[in-house]
Amino acid sequence: MSRKIKIWVMIGFIVMVLLIVKQFFNHKFDSVESLQDYMKSFGIAAPLILTVFQAVQVVVPVLPGYLGCAAGAVAFGSMTGFWCNYIGISIGSIIAYFLAKKYGVDIVTAMFSQKQYEKWSRRIEKSKSYGWFLFIATLLPLFPDDFLCYFSGLMNMDSKKFIWIIILGKPWCILAYSIAFGLIR
């Protein structure tokens, strides 16, 4: 199972990287204007595409989430970018949680290094309240949120509690990113 998951993760990673590199070399991402034009070329589906991209980048964590937040805010403005990013990242976070619930440690160690898994396992074993830790982690920028969403699926955490932590904790950092990157627009 672990080998199969690793193969799919690698395929997803390669496809995403190739698409991004191709668009970069086609001058789709070399300026704010080119990014906006590229996103506009998708018409009314553009916000949906960003939302799906953000969900996928949590499930197959190959890029830092703030890059999608930047693209969304630059392409659509702070508020539309925020909503696309928030909905996509939240959906991806919930999917990651349930994938880990279903496939266990194998999927977590396929997506992340064994070293990272062991490091967080040791830290969290010492934590008296993982729920509070996760909530605070979702509030902070540059925290390993994607990993923690997968890791949460391994914990004895109720799915409703996890979903509420994501719904209430995720928007603040994403909103800060969206406002900051929206100023570039």
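**Figure 1. Overview of the protein: ten helices and zero strands.** The model shown is predicted. Read along the sequence, its elements follow the pattern α-α-α-α-α-α-α-α-α-α. The protein has 185 residues, and buried residues make up 42% of them. Contacts in the protein with a separation of 6 or more were also sorted by sequence distance. Residues 24 or more positions apart account for 75% of these contacts. The views that follow turn to helix pairs, aromatic rings and single residues.

**Figure 2. Helix α4 against helix α10.** Two packed helices are described by the angle between their axes and the distance between the axes. Helix α4 covers residues 65-76, and helix α10 covers residues 159-182. Their axes come within 8 Å. They cross at roughly 50 degrees, which makes α4 oblique to α10. The crossing of α4 past α10 is right-handed. On the α4 side, the contact is made by Y66, C69, A70, A73 and V74. On the α10 side, I174, Y177, S178, F181 and G182 take part. By class, the contact of α4 with α10 has eight nonpolar residues, two polar and no charged.

**Figure 3. A close-up of S178 in helix α10.** S178 has a relative accessibility of 0%, so this serine counts as buried. Which residues does S178 contact, leaving aside its neighbours within four places in sequence? They are A73, S78, G81, F82 and N85. A73 belongs to α4 and also appears in the contact of α4 with α10. S78, G81 and N85 belong to α5, where they take part in the contact with α4.

**Figure 4. Helix α4 against helix α5.** Helix α5 spans residues 78-103. The axes of α4 and α5 lie 7 Å apart. The two helices pack at an angle of about 145 degrees. Here too, α4 passes its partner in a right-handed crossing. From α4 come G68, C69, G72, A73 and F76. From α5 come S78, T80, G81, N85 and I89. This contact has four nonpolar and six polar residues, with no charged ones. C69 and A73 of α4 take part in this contact, and C69 and A73 also take part in the contact with α10.

**Figure 5. Helix α7 against helix α9.** Helix α7 runs over residues 114-126, and helix α9 over residues 145-154. Their axes are 12 Å apart, and the packing angle is about 65 degrees. The crossing of α7 past α9 is right-handed. α7 supplies Q116, Y117, W120, S121 and I124 to the contact. α9 supplies F147, L148, F151 and L154. Seven of these residues are nonpolar, two are polar and none is charged.

**Figure 6. One aromatic cluster, with two of its pairs.** The count of aromatic pairs comes to 17. How are the rings of F112 and Y150 arranged? Their centres are 5.7 Å apart and their planes stand at 70 degrees, so the pair is edge-to-face. Y117 and F151 make another pair, with ring centres 5.9 Å apart. The planes of Y117 and F151 are at 55 degrees, so this pair is tilted. Y117 lies in helix α7 and F151 in helix α9, so the pair ties together parts that are 34 residues apart in sequence. Both Y117 and F151 are buried. F112, Y117, W120, Y130, F133, F143, F147, Y150 and F151 form one aromatic cluster.

**Figure 7. A close-up of F112 in the loop between α6 and α7.** Is F112 buried or exposed? F112 has a relative accessible area of 12%; the limit for buried is under 20%, so F112 is buried. Its ring partner Y150 is buried too. Y150 sits in helix α9, 38 residues away from F112 along the chain. The C-alpha atoms of F112 and Y150 are separated by 9.6 Å. Not counting residues up to four places away in sequence, F112 touches P61, D146, F147 and Y150. F147 and Y150 are also members of the aromatic cluster that includes F112.

Technical notes. Residues numbered from 1 in each chain as written. Predicted model: local features only at pLDDT ≥ 70, side-chain atom pairs only at ≥ 80, totals over all residues. Heavy atoms only, no water. Axes fitted to C-alpha atoms, helices over the stretch in contact; angles between N-to-C directions. Helix = DSSP H or I, 4+ residues; strand = E, 2+ residues; numbered from the N terminus. Parallel < 35°, antiparallel > 145°, perpendicular 65-115°, else oblique. Left-handed = near helix turned anticlockwise from the far one by under 90°. Contact = heavy atoms within 4.5 Å. Nonpolar A, V, L, I, M, F, W, Y, C, P; charged D, E, K, R; others polar. Phe/Tyr/Trp six-rings, centres within 6.5 Å; stacked < 30°, edge-to-face > 60°. Buried < 20%, exposed > 50% of the residue type's maximum accessible area, 1.4 Å probe, protein only.
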